[in-house]
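Biologist: I should be grateful for a close look at one helix pair in this structure, with its setting in the assembly described afterwards.

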Number of protein chains: 2
Amino acid sequence: MSEAGNGRREVTVTDVARAAKVSKATAARALGDYGAVSEAVRDRVLAAAEELGYRPNALARSMTTGRSNTIGMVVGDIENPFFAQATRGASDVAKAAGFDVVLSNSDEELESENAAIAVLLAKRVDGFIVAPASSVDTTGLRAIQAAGRPLVLFDRAAEDLAIDTVLADNATGVRRLVELLLQAGHRRIAFISTIAHPHPYRLGDRLGSTSVDDRVNGFVASLTEAGIAEPARFIRLNARRDGVGAAVRDVVADGATAIVASDSLIAQAAFRTVRELGLGIPSDVSLVAFDDADWTSLSAPPVTVMAQPIHEIGAEAARMLVRRIAGDGAPAETVVLPQRLIERESIAPPPAEG
Amino acid sequence: MSEAGNGRREVTVTDVARAAKVSKATAARALGDYGAVSEAVRDRVLAAAEELGYRPNALARSMTTGRSNTIGMVVGDIENPFFAQATRGASDVAKAAGFDVVLSNSDEELESENAAIAVLLAKRVDGFIVAPASSVDTTGLRAIQAAGRPLVLFDRAAEDLAIDTVLADNATGVRRLVELLLQAGHRRIAFISTIAHPHPYRLGDRLGSTSVDDRVNGFVASLTEAGIAEPARFIRLNARRDGVGAAVRDVVADGATAIVASDSLIAQAAFRTVRELGLGIPSDVSLVAFDDADWTSLSAPPVTVMAQPIHEIGAEAARMLVRRIAGDGAPAETVVLPQRLIERESIAPPPAEG
DNA sequence: TACGCGATTGAGACCGGTCTCAACAAGTCC
DNA sequence: GGACTTGTTGAGACCGGTCTCAATCGCGTA
């Protein structure tokens, strides 16, 4: 009761200065650990601060220094293990460099993303790490650039904009995956993604996310090189969370014998659906996916995946951002990290034609 | 090049005021949408702002209003699906109420937690949502209270402190799980947790986290009621991430026929280890766990779990916090949410004695 | 003894908003 | 017509730090 009057004003530098019998400027120097202060005065000020329970106000400091020591991160959905890991990677690097991270979920929607960016811009974060909802409509990203704040993209690039970006080598990854399927004898291979797209995929379409775009292009190229007639026949986009099942049913009914899932959440839904259909993996349908989600090694059968260095993607993005914030003015750079194939047991030759 | 000089000063209310030929106060009223401004003037100001590319400075606003519209959240590890989900739940509610969330990982370590709290306090977040690393050493939490900031705990309570808390009903949950194992005929049941503890568990020990404490107590009580002689014999704490395997080997070698895993990450490691041991689940060892992680329904066999309403835990914590920030002065409250049993196929009678 | 120099300290402006308060205009009421 | 409202606007203090600049002090040196 005595000292804890709760509606009280916070203790400020001025209060400490008065208690230590020095000027506000000197107290601030001692507390903020800048400028020159004699040992004796510093001790006196620090003691007074301790005594009064002084707690620095980072807002006020940011006001004058222009730095908030905060970075804004906008991801699709923190619940998605991909983003959770990338966030952790980024957050560790950021913390080590003295930054906190404010997190925002865009749900892969442009409006949410733009709103989040506006708020973060208002909060004067020192920089941004964004997995852009769209590689095409980049108004939000432009706003960041216009405000002169450093920005690093991850997982997807933004077309026509010079922005630092950290990507995984999806083009190579998908080819390796398809190759495996081809070698096993598959000819009717499906590709399923939840990416929003205004209509069914047509050859040459440009997709909203460069990472999916790279995968689809590599997928098509591989099939084409293998001499497969309609390489896009089993590509299904726009499968919302609960639409993956329908997409799987669809391609399987149409005769697909193998599925490439564009991420682990899709793979999970596909896995379930194939099972519900009473079909065997890999006896009836082979399944491969991106991301080494933990379930993929525990399932029966464990599934062959193209693992991405997710942690490192986030960490590298943060490293680049920190460098930019520190003033690195080098031209924008794109870092492409390799993916790694983990072969398990979800591929088998297609069933003999009935 | 023309308008985008990049080292430039930000556009301020004063600039807008000058451009709109009104006073700073009036411009601020129009831009901040408070006080009274005539329609005509408002339009003029907004137009000027648009023209100049005015972007509000939330820091400056927070300075005077004393509100940052930000809440600080400290979790063990955002990569842990439990925390990822809780964070999402909290973050959605927070956003709807106009708050951003700054995220910090404590790695379940007191020092990290306290450091994070200090930083967030300095940033003048409007409130805190914390999964405290320790229910016993609560210095960090006290600091928050001393600073007069609202605080809500989740997943674990803090002893001896009156703080709003959102918990799952672990006591009931663990009993239900043990009951299932008992009914199947198990007598040598293990409980494995990664919680830090200075020495092997002894009956009556108080654990660092109330949620684990509740589980262990319920576990012991259930076994005791069932007339089992040494109920604590197979309790293994302190199993660090990579120590779960060793703990499992240990209890299995000692004759345990069933394992209760205190969370889904532990369950995952246990599942792997039992397999590596060449043993069958559930033929040789039965396994149950807390949290309905996605892999638990995909594994072979799928595992019986006690699901927690994780999303809701986070959401409810945020709701309580928002209420407190709004000024609700009611006494601290503890909300206990029910867990839900999901029976799958990881329980069988213990193997016949060799 | 006077001068120069570095180290310390204090005064006060400043960051970009919000907020209080007074001034003023246009009605409104008696 | 005068007093009183109500609505709108401007001046300037204020939030809690940082930063610039000038003043002061101690001390080595010419």
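Modeller: The account below begins with the helix pair and then turns to the chains. The model is a predicted one. In chain B, helix H10 spans residues 244–253 and helix H11 spans residues 264–276. Their axes lie 9 Å apart and meet at an angle of about 55 degrees. Because an angle that is neither under 35 degrees, over 145 nor within 65 to 115 counts as oblique, H10(B) is oblique to H11(B). The crossing in which H10(B) passes H11(B) is right-handed. On the side of H10(B), the contact is formed by B:Val244, B:Gly245, B:Val248 and B:Arg249. H11(B) contributes B:Ile266, B:Ala269, B:Ala270, B:Thr273, B:Val274 and B:Glu276. Sorted by class, the residues of this contact comprise 6 nonpolar, 2 polar and 2 charged.

As for the assembly, chain B can be superposed on chain A with an RMSD of 0.0 Å, through a turn of 180 degrees and a shift of 0.0 Å along the axis. This is the relation of a two-fold axis. Of the interface residues of chain B, 100% are also interface residues in chain A, so the copies meet through the same surface.

Within chain A, the assigned domains are domain 1 (13–56), domain 2 (67–168 + 310–338) and domain 3 (170–308). Domain 2 of chain A is thus written as two segments, 67–168 and 310–338. Taken over C-alpha atoms, the centres of domain 1 and domain 3 of chain A are separated by 63 Å.

Conventions
Residues numbered from 1 in each chain as written. Chains lettered and ligands numbered in written order. Predicted model: local features only at pLDDT ≥ 70, side-chain atom pairs only at ≥ 80, totals over all residues. Heavy atoms only, no water. Domains from an automatic or database assignment. Least-squares fit on C-alpha atoms with pLDDT ≥ 70 in both. Contact = heavy atoms within 4.5 Å. Axes fitted to C-alpha atoms, helices over the stretch in contact; angles between N-to-C directions. Helix = DSSP H or I, 4+ residues; strand = E, 2+ residues; numbered from the N terminus. Left-handed = near helix turned anticlockwise from the far one by under 90°. Nonpolar A, V, L, I, M, F, W, Y, C, P; charged D, E, K, R; others polar.
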